Amino acid sequence: MHLSIFKSVAFITLCLTPFASSAAPFTPKDNAVITKSNSTLSASLSVEEINTLVTNSQYAGQTERLQGLLKTRLAQLYKQTPTSQIGYLYARVLQKEHLFDEAINIANSVLIKEPKHSNSHLLLANILMTQGKFAQAKKHCIALIGQVSTITASTCVLDVQSQHESVLDSYQALVKIINNNQTSLATNHVLSEMSYRLNNYKQALSHLQSVDLVQAPVSLIVLWADIQIALNQPQQVLNTLSVLLPDKGNLEDAILLRLSIAEKKLNKRDKKWQNTMAQRVTLRELRKDSFHASDLAKYYLDVQPNREKALYWAHINWQQAKMNTDEQLLIQAKAMQRDTL
């Protein structure tokens with residue numbers, strides 16, 4: 001799972017989702033059939049309900065639960081009535097599976113019909129940034145100027161810029177633009193991530209001080225955990241993340257991985273989280289699951305050191321995503337390999 005995807009989901013949801021104020025939350029019944037493409041539930045989902053489910057998919061325990069259902073229903077709707085909203089939602093769901101080319105084509109089709117569709121510009125900016133196409137990504141951020149707030153557009157531009165230019169310059173520029181004004185969770189997320197990449201961990205944590213992790217997107221939860229681990233506070237990670245969901249089986253790989261890293265750092269006799277993560281890793285490897293390549297690479301770097309596997313999965317991840325964190329993952333894996341020479 002590439003976390004920039006979820007940062008994008010949070011950013012779009014918090015700033016611009018059209019149905020955010022009008023759609024009633026929709027949760028399928030526990031016994032509902034959600035795996036069959038012709039299920040009653042799938043066929044009955046309205047665009048508003050789909051929007052709510054896509055929005056909810058950024059939260060812990062929700063990121064993959066209804067992915068197949070949403071993809072099937074949106075494919076049907078897009079074929080029948082390819083409106084801008086349906087196209088945008090479909091592109092977002094495709095993005096989550098790393099089907100970037102398909103997502104880009106559909107989002108571009110939306111912009112042909114509606115050139116000022118802000119959500120699609122943000123989505124394309126994130127996908128292109130993930131692919132390392134920073135100049136193209138920045139153009140979509142610039143297209144937001146005049147359509148959204150100055151802070152939202154600036155956050156988009158500077159987030160992209162920080163990936164291939166000076167992170168410090170981007171961070172300082174965004175702080176100056178904010179000028180002590182109240183900011184969205186998405187902008188605080190970007191500021192915290194920039195601070196983390198600058199190794200300024202206390203400052204990174206300060207940007208998240210008012211965040212309720214229960215209501216936060218997965219990418220932000222993972223960033224918070226990485227900061228705590230960098231500050232040598234693994235017990236804080238265990239105390240906080242272990243109670244996020246009653247059903248631990250639904251925790252995302254990225255969250256389980258941080259729990260495993262924290263548990264290992266504490267040298268606990270009970271290896272509950274490490275054992276759970278090991279089972280998840282076995283499943284991912286059996287499925288040759290490239291969607292979770294970054295998690296697998298980090299697992300073999302930080303939990304169960306294995307130079308060959310860390311490098312293998314870091315390369316798989318690099319084929320899909322070329323942001324700063326992906327580059328650092330590959331560098332770390334290569335450094336492990338050199339240690340064996």
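Here are legends for three close-up views of this predicted model.

**Close-up 1. Helices α11 and α13 pack against each other.**
Let's start with a pair of helices: α11 covers residues 185-197, and α13 covers residues 218-230. Their axes lie 11 Å apart and make an angle of about 35°. If you're wondering about the handedness, α11 and α13 cross in a left-handed way. On the α11 side, look for L185, H189, S192, E193 and Y196. Over on α13, their partners in the contact are S219, L220, L223, D226, I227 and A230. Sort the residues of this α11 and α13 contact by class and you get six nonpolar, three polar and two charged.

**Close-up 2. A disulfide joins C141 to C156.**
Now zoom in on two cysteines, C141 and C156, whose sulfur atoms sit 2.0 Å from each other. Searching the whole structure turns up one disulfide. The torsion about the S-S bond of C141 and C156 is about -65°, so this disulfide is left-handed. Where do the two cysteines sit in the chain? C141 belongs to helix α8 (residues 134-142), while C156 belongs to helix α9 (residues 150-164). The two are 15 residues apart, and the pair links distant parts of the chain.

**Close-up 3. The second largest cavity is lined by residues that include L53 and K96.**
A search of the whole structure comes up with two cavities of 30 Å³ or more, and this view shows the second largest cavity, with a volume of about 50 Å³. Which residues line the second largest cavity? They are L53, N56, S57, Q62, T63, E64, R65, L66, Q67, L70 and K96. Helices α3 (47-56) and α4 (67-80) each chip in with at least two residues of that lining. As for the mix, the lining of the second largest cavity has three nonpolar, five polar and three charged residues.

Definitions and conventions:
Residues are numbered from 1 along each chain as its sequence is written. This is a predicted model: local features need pLDDT of at least 70, side-chain atom pairs count only at pLDDT 80 or more; totals for chains, interfaces and linings use all residues. Side-chain values use heavy atoms; hydrogens and water are left out. Axes are lines fitted to C-alpha atoms, for helices over the stretch in contact, and angles run from 0 to 180 degrees between N-to-C directions. Helices (H or I, at least four residues) and strands (E, at least two) are DSSP runs, numbered from the N terminus. A crossing is left-handed if the near helix is turned anticlockwise from the far one by less than a right angle, and right-handed if clockwise. Contact means heavy atoms within 4.5 Å. Ala, Val, Leu, Ile, Met, Phe, Trp, Tyr, Cys and Pro count as nonpolar, Asp, Glu, Lys and Arg as charged, and the others, Gly among them, as polar. On a 1 Å grid over the protein atoms alone, a cavity is a set of points where a 1.4 Å probe fits but cannot get out, and a pocket is an open set with protein on both sides within 12 Å along at least five of seven lines; lining residues have an atom within 4 Å of a point. Grid points are joined across faces, edges and corners, and a volume is the space filled by probe spheres set on the points. A disulfide is a pair of cysteine sulfur atoms within 2.5 Å.
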